[in-house]
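Here are my notes for you, one colleague to another. Please have the viewer open while you read, and follow the points in order.

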There are 2 protein chains.
Amino acid sequence: MDLTRSPLALPFPELPEIEGVTVRVARAQYKDWDRADLTFIELAEGTSVAGVFTKSACASSEVELGREQRERGKARALVVNAGNANAFTGYRGREAVEQIAKQVSDHLGCEPGEVFVSSTGVIGVPLPQDKARRGIAAVLDSAPVGWREATDAIATTDTFPKAARTSAMIGDARVELVGVVKGSGMIAPDMATMLGYVFTDAAISPALLQEMLERANEQTFSCITVDGDTSTSDTVLAFATGKAANPTITSQDDAGADAFAAALTDLCRKLAQLVVRDGEGAQKFITIDVVGAASDESARRIGLAIGNSPLVKTAIAGGDANWGRVVMAVGKAGEPADRDRLSIAFGGVWTARDGQPVEDYDERPVAEHLSGDAIDIRVELGIGQGHATVWTCDLTHGYIAINADYRS
Amino acid sequence: MDLTRSPLALPFPELPEIEGVTVRVARAQYKDWDRADLTFIELAEGTSVAGVFTKSACASSEVELGREQRERGKARALVVNAGNANAFTGYRGREAVEQIAKQVSDHLGCEPGEVFVSSTGVIGVPLPQDKARRGIAAVLDSAPVGWREATDAIATTDTFPKAARTSAMIGDARVELVGVVKGSGMIAPDMATMLGYVFTDAAISPALLQEMLERANEQTFSCITVDGDTSTSDTVLAFATGKAANPTITSQDDAGADAFAAALTDLCRKLAQLVVRDGEGAQKFITIDVVGAASDESARRIGLAIGNSPLVKTAIAGGDANWGRVVMAVGKAGEPADRDRLSIAFGGVWTARDGQPVEDYDERPVAEHLSGDAIDIRVELGIGQGHATVWTCDLTHGYIAINADYRS
């Protein structure tokens, strides 16, 4: 399959080093390909960790173990295997993860529970333990590399490497945040269906980091969708090495906590949007603002019903401001709505107001907006104060080509 | 747009007349097309009616009124407008429906509430009252026609006319059932997203007919999906004229009630499957059996999660027995499941058993099965007694062509 670069791709950003984070990659040859596919990230002693995971009832061993590990709040290493998801592989899958954790913890002199493992790729094939063992041995021996090498090594069907950065002031200390992410299909809410990692040198307690990551996740990774499908391996982890000289923050009331939370959310939003920009077959990036809903959660559900609707997504692909399909999607969301108060705008122009089409609205700016690659849909429900923003992409022949024609 | 006949189309069946039912069609010219688009079905005095309707929060006036009318249980006429859904049209939409009901009830000498109206087609344009008035006048003056003319007249984007029949014995009396249906996209559960009408000469109380229709709907129209999208106008109505000489059945315990309920469910299943067979772009008809779930409802939800998954549907389009995508869909359904008890078969061959792939399963019969146009997927959850069958179709370039390329 020829994966051409998404037309919505953004250039790879300049990224700072994060003190306490060392990146290495190696070739485990999980697939028969000519690239690094094993990423090893060593974290300074005392690193705090937080995580959110797929809600899939068929989650991988990596996810099961990761959920337990993050409860303890401490991390010394992250290993990412690309090319094999090690999901739906029973006890052999679990053994493979435990072997990796043991090999790394023996080397670092830490607990196996401080070694986080993710795997992404094909489902149903146990991760080959011999390849993993040799790969880990090779990576521990290799020289450190930069963020770009890590984003390349964790990618599978991604058409461009995805990373972002931001910073925040905690007291007098400037803390840096860098995030990397992979994912292009099987992307749905209830958690970014993807692998995402955030690294910061901030000093922050694991409990507060977890609280902030969960809140950021709700507004970012849980607000994107490509095809409504959810992977068995989705994981977002945040690691804080504590090497910036800030006084450790442990409560939302601490000075600088708000700034850090805002930066974390901003970073997660950037990463989430990058995933949508690499949505399989995507030609247009769609922002759906839902306001006036019964609650924020209700607004998010309505936004996702619109963002997951094949009829809405194909209409946008066709450059059609088909607000009737938006009405349909609002109606099917199963959330409070009042047909006669519903208003819909494309690119800032109201095409439907209070349950009726706007006659004689100016079609020219709407058609112009729809012909671009950044589409804004605004939905006003007029029944409450809830609001949410959801990001998605259009549904094109490219999606079918990638997901149906891959064997021909 | 050139709507070529679905490759999954079935021939139009021989259908009996139903005593007490008279069919007429006319050209209201709701669109600029050369065909009948207004259907008028007169029902004998004393006809019982039952109905199930879309759960959309943005339902059309036809649906709002229909819900109220069916509570009274009596019908004298059905009017179906094709080419204009009259949805999201505010008070003008409601006025148009009320005008039609008045015009027909004046003619028949019945209550306006005994005249059921459905409309299907474009959203957001009020049904033109002048065209409706002239159309009704014309149809009341026209000669009766057969079922085939009615199925043609209620169709919009359908690529073939859809109808079915069955019969049942109630005591010594044979009762006939005929059903007609339209719909090809915007088809999702929580009610067949379509217009479907069942006519029978059985004598049955409205309350019992409603009970039976709701139960039949749960196992048939609510178990189909094309794209997960739900229309604002979905309606299934059942009319029983009572002209068969059976003793009126009023309770599930009456002799013959079971036979009639089974026949009604059978008819609804046939109609629902016809809609899937006309799914936009469909090349393959997919039957998903889910067994061993926590409950029947849980099995249905899991079946629909599979049937709505773009990744599963594109894999089938590509002839790939991709059980990993089925695992993913089971996992995301939000229903009880145990990864390590999950088994999946394609065409009767187990490809995954108890949470692990079946190594060395015979790929030849599976590949042969996948190359056909009737695909069977069986999922065993191994945690309970719940089961359900869901029907869907594959997701192809044809779907994108119909829904995105229609303006080019």
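The points below go from the interface to single residues.

1. A word on the source before anything else: this is a predicted model. Please read every distance and area below as a value computed from that model.

2. Let's begin where the chains meet. On the chain A side, 62 residues are in contact with 62 residues of chain B. The two chains bury about 4900 Å² between them, and 57% of this is on carbon and sulfur atoms. Within chain A, the residues that lose the most area to chain B are F88(A), R339(A) and H397(A), which together make up 17% of what that side buries.

3. How many salt bridges does the rule find across the interface of chain A and chain B? It finds 4. In one salt bridge between the chains, the side chain of R339(A) meets that of E64(B), with N to O at 3.4 Å. R339(A) also appeared in the previous point, among the residues of chain A that lose the most area to chain B. A network of salt bridges is worth displaying too: it links E64(A), E68(A), R94(A) and E98(A) with R339(B) and D340(B).

4. Polar contacts add to this picture, with 15 residue pairs found across the interface, both residues at pLDDT 80 or more. Which elements of chain A give two or more residues to the side that touches chain B? They are helix 1 (61–72), helix 2 (90–108), helix 8 (310–317), helix 9 (323–332), strand 13 (356–357) and helix 11 (397–404). Helix 9 of chain A provides the largest share, 8 residues. By residue type, this side of chain A divides into 25 nonpolar, 22 polar and 15 charged residues.

5. F88(A) deserves a second look. Its place is the loop between strand 3 (74–84) and helix 2 of chain A. Although F88(A) is not a glycine, it has a positive phi of about 60 degrees. F88(A) counts as buried because its relative accessible area is 1%, and buried means under 20%.

6. D354(A) is another non-glycine residue with a positive phi, here about 50 degrees. D354(A) sits in the loop between strand 12 (349–353) and strand 13 of chain A. Is D354(A) buried or partly exposed? At 47% relative accessibility, D354(A) is partly exposed.

7. Staying in chain A, Q103(A) is part of helix 2. The side chain of Q103(A) reaches the backbone oxygen of R133(A) at 3.0 Å. Beyond its neighbours within four places in sequence, Q103(A) is in contact with A132(A), R133(A), I136(A) and A137(A).

8. On annotation, an unreviewed UniProt entry places the feature "binding site" at T156(A), K182(A), T193(A), E280(A), N403(A) and S408(A). Of these, let me pick out E280(A), in the loop between helix 6 (257–277) and strand 10 (285–293) of chain A. E280(A) counts as buried, at 9% relative accessibility.

9. Over all chains, a search of the whole structure finds 50 salt bridges. One of them joins the side chains of R76(B) and E42(B), with N to O at 3.9 Å. This pair links distant parts of the chain: R76(B) is in strand 3 (residues 74–84) of chain B and E42(B) in strand 2 (residues 38–53), 34 residues apart. R76(B) is buried, with a relative accessible area of 11%, whereas E42(B) is partly exposed at 23%.

10. For a local pair, try D152(B) and R148(B), whose side chains meet in a salt bridge at 3.2 Å, N to O. Why are D152(B) and R148(B) separated by about one helical turn? Because they are 4 residues apart in helix 4 (residues 147–154) of chain B. D152(B) is partly exposed, at 35% relative accessibility, and R148(B) is partly exposed too, at 38%.

11. R378(B) and E380(B) also form a salt bridge, their closest N and O atoms being 3.7 Å apart. R378(B) is partly exposed, with a relative accessible area of 33%; E380(B) is partly exposed as well, at 25%.

12. My last stop is N217(B), in helix 5 (residues 206–219) of chain B. N217(B) is buried, with a relative accessible area of 9%. The C-alpha atoms of N217(B) and V52(B) are separated by 7.8 Å, while these residues are 165 residues apart along the chain.

Definitions and conventions
Residues are numbered from 1 along each chain as its sequence is written. Chains are lettered from A and ligands numbered from 1 in the order in which they are written. This is a predicted model: local features need pLDDT of at least 70, side-chain atom pairs count only at pLDDT 80 or more; totals for chains, interfaces and linings use all residues. Side-chain values use heavy atoms; hydrogens and water are left out. Contact means heavy atoms within 4.5 Å. Buried area is the accessible area (1.4 Å probe) that two parts lose on being put together, summed over both. A polar contact is a pair of N or O atoms within 3.5 Å; within protein, one must be able to donate a hydrogen and the other to accept it, and residues adjacent in sequence count only if both atoms are side-chain atoms. Ala, Val, Leu, Ile, Met, Phe, Trp, Tyr, Cys and Pro count as nonpolar, Asp, Glu, Lys and Arg as charged, and the others, Gly among them, as polar. UniProt positions are given in the numbering used here, feature names are shortened, and annotations may be inferred rather than shown by experiment. Buried means under 20% relative accessible area, exposed over 50%, partly exposed in between (1.4 Å probe, protein chains only).
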